[in-house]
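User: Please examine one part of this structure closely, covering its surroundings and its packing in a single connected account.

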Amino acid sequence: MTKKSITMADFKRQRVLIVWAVAIVIYGVIFHYLPLCGWLMAFQNYKPVTGLLHSEFVGLDKFKLLFSDATFIRVIRNTLAMGVINLVSTFIMAIVFAILLNEMAFKGGKKVVQTISYLPHFLSWIIVTGILHDALSGTGIINTLLLHFGVIDQAINFFAHEKYFWPIVAFANVWKETGWNAIIYLAAITSIDPSLYEAAAIDGAGRWAKIKNVTLPGIKPTIMILLLMNVGNVLNAGFEIQYLLGNGLVQNVSQTIDIYVLKWGISQGDYSIGTAAGIFKSLVSIILIVFFNHIAKKHGEERLF
């Protein structure tokens, strides 16, 4: 096969695409790669006065200090736990919700439900946490219902007990993102050949059998790709909701790596240790993506690379 050379005519015909491609590459270099030079702070005793190029080089001392801090170890536990809980709950609920929407026979009702389910995604976490505070307060609707049906004898202060914090965060993420996350699964379902459902119906398959043998296998590649991408974000358990809902009574379970970075990197002015914590999170995310992508490749599943 001969290699075709690019002529000036080809270049002129594709000049708009080339210009946009160059612009996007420049944007990526400026805003995504050049900032990585700031990682040098993790290996320095960085001082704003001396700057990045003249601060004292301390090697891995900041990382050693980081992992000798009991608070950081607890923060890793919190971040990983909430990340896994959020991943499992939001991932499963999005698939279930997409399948349930697809099974709705009444198209008008389906569109209404879809539209309503998207709306929470566009709400800021300030609004979401405000709704949670009102609903879970001592006089909120949750306590009112529990008292009315005799489930509890007195109102519960949900934000004063550590055992309730992670479920509250998981519920908030599910409520806010399920409808939005389901969009791509609905798109994948619509791409399934309708003749497969017709053949399944001829063979006597019911609704559950169609879901099990046609719908789920049809969206399996999409599920695998999104799962691999979301696994890499498992340490991005969140910042806003934990920061807004957290308080002194639940700080042992509410603080995440992002909050730790804010506390030490910005509030305490220790930019080096904050950067080291950020590097740790990034490296773990990369390792998780590569590891699970390798497993998917080994088992012949869809993969990122």
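Analyst: The account below concerns one helix, a residue within it and a neighbouring helix.

The model is predicted, so local features need pLDDT of at least 70 and side-chain atom pairs count only at pLDDT 80 or more, whereas totals for chains, interfaces and linings use all residues. Residues are numbered from 1 along each chain as its sequence is written, and side-chain values use heavy atoms, with hydrogens and water left out.

Helix α4 spans residues 70-103 and includes N78; a helix here is a DSSP run of H or I with at least four residues, numbered from the N terminus. N78 is buried, its relative accessible area being 0% (buried means under 20%, with a 1.4 Å probe and protein chains only). Leaving aside residues up to four places away in sequence, N78 touches W166, Q251, N252, V253, S254 and Q255, where contact means heavy atoms within 4.5 Å. With N252 there is also a polar approach: a polar atom of the N78 side chain lies 2.9 Å from the backbone oxygen of N252.

Helix α4 also packs against helix α5 (residues 107-118), at an angle of about 155° and with the axes 9 Å apart. Axes are lines fitted to C-alpha atoms over the stretch in contact, and angles run from 0 to 180 degrees between N-to-C directions. The angle therefore makes α4 roughly antiparallel to α5, a term for angles over 145 degrees. The contact involves F97, L101 and N102 from α4, together with K110, V113, Q114 and S117 from α5. By class, three of these residues are nonpolar, three polar and one charged.

Notes
Helix = DSSP H or I, 4+ residues; strand = E, 2+ residues; numbered from the N terminus. Buried < 20%, exposed > 50% of the residue type's maximum accessible area, 1.4 Å probe, protein only. Polar contact = N/O pair within 3.5 Å; in protein donor to acceptor, adjacent residues only side chain to side chain. Parallel < 35°, antiparallel > 145°, perpendicular 65-115°, else oblique. Nonpolar A, V, L, I, M, F, W, Y, C, P; charged D, E, K, R; others polar.
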